[in-house]
Amino acid sequence: MSLPKVNPESIGLDPLRLAVADSVVAAGVEKGAYPAAVLLVARHGKIGHLKAFGTLPGGAPVQTDTIFDLASLTKPHVATGLLTLLEDGKLVIGNSVSDFFPESAKTPVGDLTLRQLLTHSSGLPAWTALYNVKGDRNAKVAAILGQKLANPAGTHYTYSDLGYILVGEIVSTVSGMPLDQYLHARLFAPLEMHDTGYLPPAAERDRIAPTSNEQSRPGETMRGVVHDGNCHSMGGVTGHAGLFGTASDLAILSSALIGNGTIKGHRVVGMPTTELVANSQIGAEVGGHTFGWFAPPNGMLPRGDIFDDTTFGHTGFTGTMIVNNRSTQTTTILLTNRVMNPSENGEISRVRRRTLNAVASAIVK
């Protein structure tokens, strides 16, 4: 179900301004911020701009269908999976962790709600080195369930990988399927997102942009193996990281979520549910986060200086980004492998902001 590729003018985009965005991304390659990148701009469910930059190992040029380690772009996809279970009547947002993990009853983590996990308002710490926890996946989940809260639940915004690992485990528990299999069956296969998923097959290795400089595996370069150390220690399938995919695939789901929940005749979620995806579900005094995405006033939302408050999006540690703007029905996707450069020094943040400003300036009708 790849989105149709059309002339940019036909969807109200000025190609000269899109060329400015290209120059910003290309400059990032030239400066060494990342060796590989793909930029996509879509509007109204159609791709008006798609371009690749840089090289892969061996000097092969990056292609527009190059696969990237999406890192934390996993989180909004897992949240969408949970919302499908919500619509199916299998859980409610007020459910607590102990409803799914009875062993956590009467603990601080057991009292946390799905709303708090999804919006990073749970009070859980941002991160801990689960790859140092001895034992299997269950032992690592138990280590999260035994955490002390950094803040009282619901009072502070702390972006937490740990919270989304629990979200992924809950999706698996409620669906009765491993997380990767449920997301494939419910989202990726129906939407024909053929290049999106966990644990990419070895046959696709040459299409995958490499990553490196992961503190749990110093000196290693990964290609088709997840970069995130905690995810890797849990078999490569978690709620916070592990997905691989292409820009064109990601544009399919985002185009549905900034519209009415349906794309090319396939229903992802209902229209009322898209409001939960697009609008912050916590008070502004706490932060800005929807069920899956950064939203105003969250400073982690890389919307640039022009897109308005109908913008929601997410980033990934490896150098990935999706930014959606509802008022203009625009999706901007920038995928890079900036972790190949250990001294990237924040250049990716500057590239994101400048790229988004150029894309916003390209919208002429």
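Select Glu-275 to begin. In this predicted model, Glu-275 is partly exposed, with a relative accessible area of 36%. Which residue does its side chain meet in a salt bridge? Add Arg-326 to the selection: the N to O distance between the two side chains is 3.1 Å. Glu-275 sits in helix H10 (residues 271-278), while Arg-326 is in the loop between strand E10 (320-325) and strand E11 (330-336). The two residues are 51 residues apart, and the pair links distant parts of the chain.

Next, select Arg-207 and Asp-65. These two form a salt bridge, and their closest N and O atoms are 3.8 Å apart. Arg-207 is in the loop between helix H7 (179-188) and strand E4 (211-212), and Asp-65 is in the loop between strand E2 (46-54) and strand E3 (68-69), so the salt bridge ties together parts that are 142 residues apart in sequence. Are these residues buried, exposed or partly exposed? Arg-207 is partly exposed, at 23% relative accessible area. Asp-65 is also partly exposed, at 38%.

Keep those two and add Asp-195 and Glu-204. Together, Asp-65, Asp-195, Glu-204 and Arg-207 are linked in a network of salt bridges.

Now move to Lys-31 and Glu-347. Here the closest N and O atoms of the salt bridge are 3.5 Å apart. Lys-31 lies in the loop between helix H1 (15-30) and strand E1 (36-43), and Glu-347 belongs to helix H11 (residues 347-361), so this pair ties together parts 316 residues apart in sequence. Colour the two by accessibility. Lys-31 is exposed, with a relative accessible area of 56%, whereas Glu-347 is buried, with 10%.

Stay at Glu-347 and select the whole of H11. How far apart are its end C-alpha atoms? They are 21 Å apart, which agrees with the 21 Å that 15 residues should span at 1.5 Å a residue.

Within H11, show the side chains of the buried residues. Besides Glu-347, they include Ile-348, Val-351, Arg-352, Thr-355, Leu-356 and Val-359. A rule for reading such a list: an α-helix has 3.6 residues a turn, so residues three or four places apart point the same way. Asn-357, Ala-358 and Ala-360 are buried too.

What covers these buried residues? Select H1, E1, strand E9 (311-316), E10 and E11, which are among the elements that do so. H1 and E1 are the elements on either side of the loop that holds Lys-31, and E10 and E11 flank the loop that holds Arg-326.

To end, show every salt bridge in the model. A search of the whole structure finds 15.

Technical notes: Residues are numbered from 1 along each chain as its sequence is written. This is a predicted model: local features need pLDDT of at least 70, side-chain atom pairs count only at pLDDT 80 or more; totals for chains, interfaces and linings use all residues. Side-chain values use heavy atoms; hydrogens and water are left out. A salt bridge is a side-chain nitrogen of Lys or Arg within 4 Å of a carboxyl oxygen of Asp or Glu. Helices (H or I, at least four residues) and strands (E, at least two) are DSSP runs, numbered from the N terminus. Buried means under 20% relative accessible area, exposed over 50%, partly exposed in between (1.4 Å probe, protein chains only). The expected span of a helix is 1.5 Å times one less than its number of residues. Contact means heavy atoms within 4.5 Å.
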